[in-house]
Amino acid sequence: MNEQTAEKNLYRKEENPSVWDRTPEQPSGYHKRVALEIIDQLHQNNRLDNADYNALHDGLCEIETLRDRDDVLEELWAQFADVPMDPKTERIEAPFLSWGLGTSREEIWHWFDCRHSKGVAYLLRGVGIDKAGQFSRMMYLRQLCRECTSTTCQFNHGGECRFAMVHERKPHISDVDGCTEYNRTENDICQSIEEA
């Protein structure tokens with residue numbers, strides 16, 4: 001076997017299985033590291049010119065944004081929705097991507113869950129629905145709620161003023177007038193009318 005053939009065999013699975021075989025214990029990114037090692041060796045042995053080496057290296061090292069990756073996964077999720085599935089066994093009845101006929105729905109869901117930044121729960125709720133901004137806003141408004149001692153104000157909920165949750169701003173409170181947002185409860189109004 002000549003030197004060139006031996007070098008080619010380095011990149012064949014059957015000749016160098018340690019480079020190719022990945023066990024579950026191997027960390028994420030293993031195949032990328034192996035690919036980088038291979039192109040480094042090819043470049044050092046003058047099997048790749050600089051332009052090809054740089055193109056391959058840049059392609060392997062490019063960092064994909066989560067948004068771009070999620071967009072691709074959401075398109076795949078939409079395609080997955082069209083794959084026929086047996087409702088009794090929850091197994092696909094047609095091939096989808098690399099999964100063959102009879103693959104369980106859970107296995108495919110797990111694949112999406114590991115790859116989408118918000119997980120399969122986000123995909124199941126409906127693509128495009130993101131409650132993170134609304135949740136952050138509610139948490140901010142919740143921080144504006146203050147202790148309230150006025151039991152007759154309709155914004156008092158268990159001793160806490162919930163005015164901010166309703167009107168999305170802090171209540172106006174002064175040392176002279178107290179809370180200017182005070183709004184009597186219906187029961188308090190009815191009692192006042194009955195007393196008059």
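A residue counts as buried under 20% relative accessible area, exposed over 50%, and partly exposed in between. The model used in these exercises is a predicted one.

**Exercise 1. Place L97 in the chain, classify its exposure, and state what is unusual about its backbone.**

Step 1. L97 sits in the loop between β2 and α6.

Step 2. The relative accessibility of L97 is 48%, so this residue counts as partly exposed.

Step 3. Most residues other than glycine have a negative phi. L97 is not a glycine, yet its phi is positive, at about 50 degrees.

**Exercise 2. Do the same for N46.**

Step 1. The loop between α3 (30–44) and α4 (50–61) holds N46.

Step 2. N46 has a relative accessible area of 69% and is therefore exposed.

Step 3. The phi of N46 is positive, about 60 degrees, although N46 is not a glycine.

**Exercise 3. Find which face of helix α6 is buried.**

Step 1. Helix α6 covers residues 105–115, and its buried residues are R105, I108, W109 and F112.

Step 2. Viewed down the axis of α6, these buried residues fall within an arc of 100 degrees, so they line one face of the helix.

Step 3. The general rule behind such a pattern is that an α-helix has 3.6 residues a turn, so residues three or four places apart point the same way.

Step 4. On the face of α6 turned away from the buried side are the exposed residues H110 and C114.

**Exercise 4. Trace the salt bridges of the structure, and classify the exposure of the acidic partners E90, E106 and E160.**

Step 1. Side chains of opposite charge can pair when their charged atoms come close. The structure holds three salt bridges.

Step 2. One of them joins R105 to E90, with 2.9 Å between the closest N and O atoms. This pair links distant parts of the chain, 15 residues apart: R105 belongs to helix α6, while E90 lies in the loop between β1 (85–86) and β2 (91–92). E90 has a relative accessibility of 31% and so counts as partly exposed.

Step 3. R105 also forms a salt bridge with E106, where the closest N and O atoms are 3.7 Å apart. E106, at 47% relative accessibility, counts as partly exposed.

Step 4. A network of salt bridges thus links E90, R105 and E106.

Step 5. Another salt bridge is formed by the side chains of E160 and R162, at 2.8 Å from N to O. E160 counts as buried because its relative accessibility is 18%. For R162 the value is 25%, so R162 counts as partly exposed.

**Exercise 5. Locate the negative patch on the surface and say which helix gives the most to it.**

Step 1. The residues gathered in this patch of negative charge are D58, E62, E64, D68, D71 and E75.

Step 2. Helix α5, residues 66–81, gives the most to the patch, with three residues.

Step 3. D71 lies in helix α5. Its relative accessibility is 37%, so D71 counts as partly exposed.

**Exercise 6. Describe where Q143 lies, and compare its separation from M165 in sequence and in space.**

Step 1. Q143 is part of helix α8, which covers residues 132–144.

Step 2. With a relative accessible area of 63%, Q143 is exposed.

Step 3. Along the sequence, Q143 and M165 are 22 residues apart, and in space their C-alpha atoms are 9.5 Å apart.

Definitions and conventions
Residues are numbered from 1 along each chain as its sequence is written. This is a predicted model: local features need pLDDT of at least 70, side-chain atom pairs count only at pLDDT 80 or more; totals for chains, interfaces and linings use all residues. Side-chain values use heavy atoms; hydrogens and water are left out. Patches are made of residues with over 30% relative accessible area and no salt bridge: like charges are joined within 9 Å, nonpolar side chains (Val, Leu, Ile, Met, Phe, Trp, Tyr) within 5 Å. Accessible areas come from the Shrake-Rupley method with a 1.4 Å probe; for residues, only the protein chains shown count as cover. A salt bridge is a side-chain nitrogen of Lys or Arg within 4 Å of a carboxyl oxygen of Asp or Glu. Lys and Arg count as positive and Asp and Glu as negative; His and the chain ends are not counted. The place of a charge is taken as NZ of Lys, CZ of Arg, CG of Asp or CD of Glu. Helices (H or I, at least four residues) and strands (E, at least two) are DSSP runs, numbered from the N terminus. Buried means under 20% relative accessible area, exposed over 50%, partly exposed in between (1.4 Å probe, protein chains only). The arc is that of the directions from the helix axis to the C-beta atoms.
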